[in-house]
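Reader: Could you pick one part of this model and take me through it slowly, from its inside to its surroundings? I'm at the bench all day, so plain words please.

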Amino acid sequence: MNKTMLGYVPTESPIYAIHPLVKLLFLLVVSLFPMFITPPELNFLLMAVIIILMWASRVSMRTLRIYIPMVISMGSIIIISYTVLGGVHPEFDLIVNVLGVRIYWERIRDALVVYFRILPMIFTMVFFLSTSRERDLIVAMRSVRIPFVITYVFAMALRAAGMVLEDFQIVRQAERARGFDPAGKSLLYKIRTYVMYMIPLFALSLRRSEEFTNALVARGYAFTGQVSKAARADFILTHYQFTALDAVLTGLIAIAFVLLLIFRYSSGIFSLEASVFIPWLHDILLG
Amino acid sequence: MADKHPYIQVVDLVYHYPDGTEALRGIDLTISGSEFIAFIGQNGSGKTTLSKCLNGLFKPTRGDVIVDSLNTRNTSIEQMVRRVGYVFQNPDHQLFNNNCWDEIAYGPRNIQLSEGEVKERVEDAAKVVGLPEDYFSEHPFFLPKGLRQRVAIASILALRPSVIIVDEPTTGQDAKQSLEIMDFLLSLNKGLGHTIIIITHDMPIVAHYARRIVAMGQGQIVVDGPTAEVFSQADKLAQTFIEPPQITQLAQNSAHLGFNPGTLTVDEMLTQYEGLIATKQ
Amino acid sequence: MVQAVEISNYSWKYINTQSPALKDISLTIEEGTFVGVVGPNGSGKTTLALSMDGLIPGQYHGIKQGEVRVFGKEVEEYSGGELQQIVGVVFSDPESQFTAMTVEDEIVFGMENLGLAIPEIRERLDWVVDLTELGDMLDKPPYELSGGQKQRVALAAVLAMTPRIMILDEPTSMLDPISRKRIFEVLEKLRREQSNTIIVIEHSLENLVPLTDRMILLHDGHILLEDEPHAFFKQTEFLLEKNVFPPEATQLFYRLSVDGRYEGQLPLTLESATSLLEGLVKK
C-alpha cells in the first residue's frame, strides 16, 4: 500500500506505470471538458467514466463515500440559490409558487446544468489526488521545466501544510487535556475555538521557520537563487521515464479535447438543444 | 493521599488507531496514590498512547480504564481532567492565551469553576511552580523556554489532578534545568501527594527519581516493577531497545566482583566499592 | 599551517538581547579533529555553531566584534553559498530540517544546489545512503519517518555535500537512546574513514566523549576550559560546578581518585571503566 495525497493505493495498481506529467495533464485538461458540454446526462456520463477509471486504478471505492455528503449539500445549495434566491422573472415558465417563492423552469434547468458540470470536475480532482503522491506533482512540474523556485516553493508549501496538520492534531489534544470539550456547544463556540487553534499553530510555525531557513541556507540554497552557475540537475527525474504508453495517453487526451472543441462549435452535439434529458424533464415538470 | 486503593486500573486494554494499526495489545496496569512512575520504551512502543488512554483523550477499543472508580469510556472530559493531567512535551502546543494568568485559568474555567475559585487556583499553581506575579500579564509566547514549561505545568496543576503525566520533561534541557524540573516534580509527589508519571528516554533521570518503571515494547508491557529491579533485567529491557544508565551497566559488568546489578547512582557504586574493599581487609 | 577554524577575540550580541551571547572568545580548531562542545543552555553553543557557518552574521541581526576565519578566510568574505560548501550544519530539530517530500529528494537537494551532474549525484547518494543505512527508506515521505530516521537523513543530506567541516548542534537531543547511538555510530565511521573536521555540541556526554580529540566548555559566552578529553575531565569538580556532568563511569573514577583510591587516567568509556574497576577490586 502506498500513501497518496488522499488515501492509499495498492502497489500493484496500474496507475504507477503512468508518468506524473500525464496524470497532471489529465487533471488539467479533462476538468475543462465539462465547460464545453452542456447536457447534464453527458456530464453525468463523464463523471461515471472518471469513477470507473478510479476503480480500475484500484482506488478504494469506500473512500468515495466521504464525498457523498459534500455532493448532496452542494447540490442543495445550487438548487436553493437558483430557485429561492432566483428572483421574480415573469418571462420564465413558472412551475409552482410556494409561499411566495417562485420556482421557474429555466432556473431548474440552469441549476442542473451547472451542478452536472461541477461534479465531473470534482471527481477528476479526487481521482488525481487519490492516485498521486506529493512527489508526483513536483515531478510533473519539473518535467515541463517550470522554474525551480516555483516548484520548490510549492514543495515547501506541501511540507509545511503537512507539519501544520500534525501540529493541529496535537493542539486539539492539548486543549482537551485541559478540559475543553466542544461536544454539544454552539456553532459560534466551535468557530471561536478554531480561531484559538491558530495561535499555537502560528507560534510553532514561527519558531520552526528560523531553523527551516537556516537548514535551507546551510544546504546552499538562498532565495535569491542557486549557488553555482551550472544548470541545475534534476535528479528526481531520473526515476521517471516518459514511455510510449505515456505518449499514447497524452495523445489520446489531446485528441479527445480537440474533438470535443470541434464538435462543440461546429455541430450542436454538446449544446443544450441536443440534450435528451432536459426536454424530458421539462415535460414532466410542466406537463 | 497515601491510600493503597488503586486509583487507576487498566484491564486488558486494547487500542487501535483510526487507520487500524494496533497500538496497545492488552495492557494490565494498577496505579495507586502517590507513585512516581517512569514509562520507558522505544519509539512506537505505546507509552504515549497508553498515557492518553489514562486521561481519557483516547477511548479504549477493547478493555477498560478505570480512574477513581469512573470508566473513561463514559466519563466526560471535564471529569477526567480533574483527575488525570497531561503536560505535553512542547509547551507551545498548548499556550494560546494572551497572558499567563488567563493561560493558567483556562483549565479551571473550562471545568466551570466560579471566578473566585479560579483566582485561588491560578495563584496557587503559580506559587507552586515559582512563577513570579510580574509575569501574570506577560504573553506566554515571549517567555524563555524554561518559564513556558512552568506555565504549561501550572495550567495543568490548576486543575488539581491527582495524577500528572509529563511527556519528556527533560528533553532539550541542560543538566541543571533537568534537575530543577525533576526536583520540582518530586516535590509535587512527596510534598503534595500527586502521582507523577514521566514518559522519557533519559535513563539517569529515571534512575534518580522514579520509584517504579513500566517498560513497554510493541504495544505491551515488557516489565513493570521497582526501578532497581527493572534496570537489573537488562536482557528484558534489550527487547525494547532500552539500556540502563551507564553506572548501572558498569555495575552489571562488574556483578561478578560483587556489585549489585540494580545500582542506580554513582553514590551507590562508591558505597559498594568501599564495602567491598573493607571486606577484603 | 592554515587552521580549519580560527576565532579571534570574537563577540556577538543579538540585536534583541541585553548582553552578548559570545564574549571575546578565541579558539583554534585543527583540520581533521573531532571536537566536543559542552555547556549549559544559553551559554552560546548554538551561536558558536551558527558563527562558524556564516549564518551569523548572514541571517541574523546583531553586533559582531573580532574575527571568525574558516580555512584562513573571514566568514563574511565568502561569496554567496561558497562557505556552505565547506561547512555543513546539522541542527537539533529533525522536523524543521526536512524540507523535501521524500528522503532521496532531501539528500539530493544540496547536491543539486552545488550544480553537480547526475552521475556524481548518484555516486554520492549511494555512498551516503550506505554510511547512514537509509537504503530502504529512499522514497518515504517525512511523515512516515521517526525522529531518529529524519535526523539520519539530515546527516546524510549534509554529508552528501562533502563539507570539510561538519558541525552538529545537539543532533540527538530529541532522539531516543537507540537512534542516538546510531547517529554517533555514523559519526564514528566518519571519523575513522574520512578526514573531515567534526564539531559536535551535546548534552549527552557518554556517547560523545569517546570520539573526541578535544573538549571545549562554554559558559555564559566564555570559553572556560579547552583541552584533550582526559585532561578536560581531570577538572570534574570545576565541570560539576558549571553544571556539566561527565559520563557516570568517569564521575565514579573521579570520586575514587579524590578519595585517594585511584591514581591514573580517568576512563572515558564503559569498557575502560569496567576493566579498571576489575583491576581495582581485585588488587
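Author: Let's start with a term: two residues are in contact if their C-beta atoms, placed from the backbone, lie within 7 Å. Helices (H or I, at least four residues) and strands (E, at least two) are DSSP runs, numbered from the N terminus. This is a predicted model, where local features need pLDDT of at least 70 and side-chain atom pairs count only at pLDDT 80 or more, while totals for chains, interfaces and linings use all residues. Residues are numbered from 1 along each chain as its sequence is written, chains are lettered from A and ligands are numbered from 1, both in the order in which they are written.

My pick is helix 8 of chain C, residues 177-193. The expected span of a helix is 1.5 Å times one less than its number of residues. For the 17 residues of this helix that comes to 24 Å, and the end C-alpha atoms are 24 Å apart, which agrees.

Now for its inside. A residue is buried if 20 or more other C-beta atoms lie within 10 Å of its own, exposed if 12 or fewer, and partly exposed in between, again with C-beta atoms placed from the backbone. In helix 8 of chain C the buried ones are S179(C), R180(C), I183(C), F184(C), V186(C) and L187(C). They sit on the same side of helix 8 of chain C, because they cover an arc of only 150 degrees around the axis, the arc being that of the directions from the helix axis to the C-beta atoms. An α-helix has 3.6 residues a turn, so residues three or four places apart point the same way. Flip to the face turned away from the buried side and you find the exposed R192(C) and E193(C).

What lies over that buried side? Helix 6 (118-132), helix 7 (147-159), strand 8 (197-201) and helix 9 (205-208) of chain C are included in the cover.

Two of those neighbours lead further out. Take helix 9 of chain C, starting from the domains: chain C is divided into domain 1 (33-59 + 80-234) and domain 2 (247-283), with bounds from an automatic or database domain assignment. Their C-alpha centres lie 31 Å apart, and the contact takes 8 residues from domain 1 of chain C and 6 residues from domain 2 of chain C. On the domain 1 side, helix 9 and helix 10 (229-234) of chain C each supply at least two residues, and helix 10 of chain C gives the most, with 4 residues. By class, that side of domain 1 of chain C has 5 nonpolar, 1 polar and 2 charged residues. Here Ala, Val, Leu, Ile, Met, Phe, Trp, Tyr, Cys and Pro count as nonpolar, Asp, Glu, Lys and Arg as charged, and the others, Gly among them, as polar.

Helix 6 of chain C takes you to another chain. There, 35 residues of chain C are in contact with 31 residues of chain A. Helix 3 (82-86), strand 6 (87-90), helix 4 (94-97), helix 5 (103-113) and helix 6 of chain C each supply at least two residues of the chain C side. Its largest share, 6 residues, comes from helix 5 of chain C. The side of chain C that touches chain A divides into 17 nonpolar, 13 polar and 5 charged residues.
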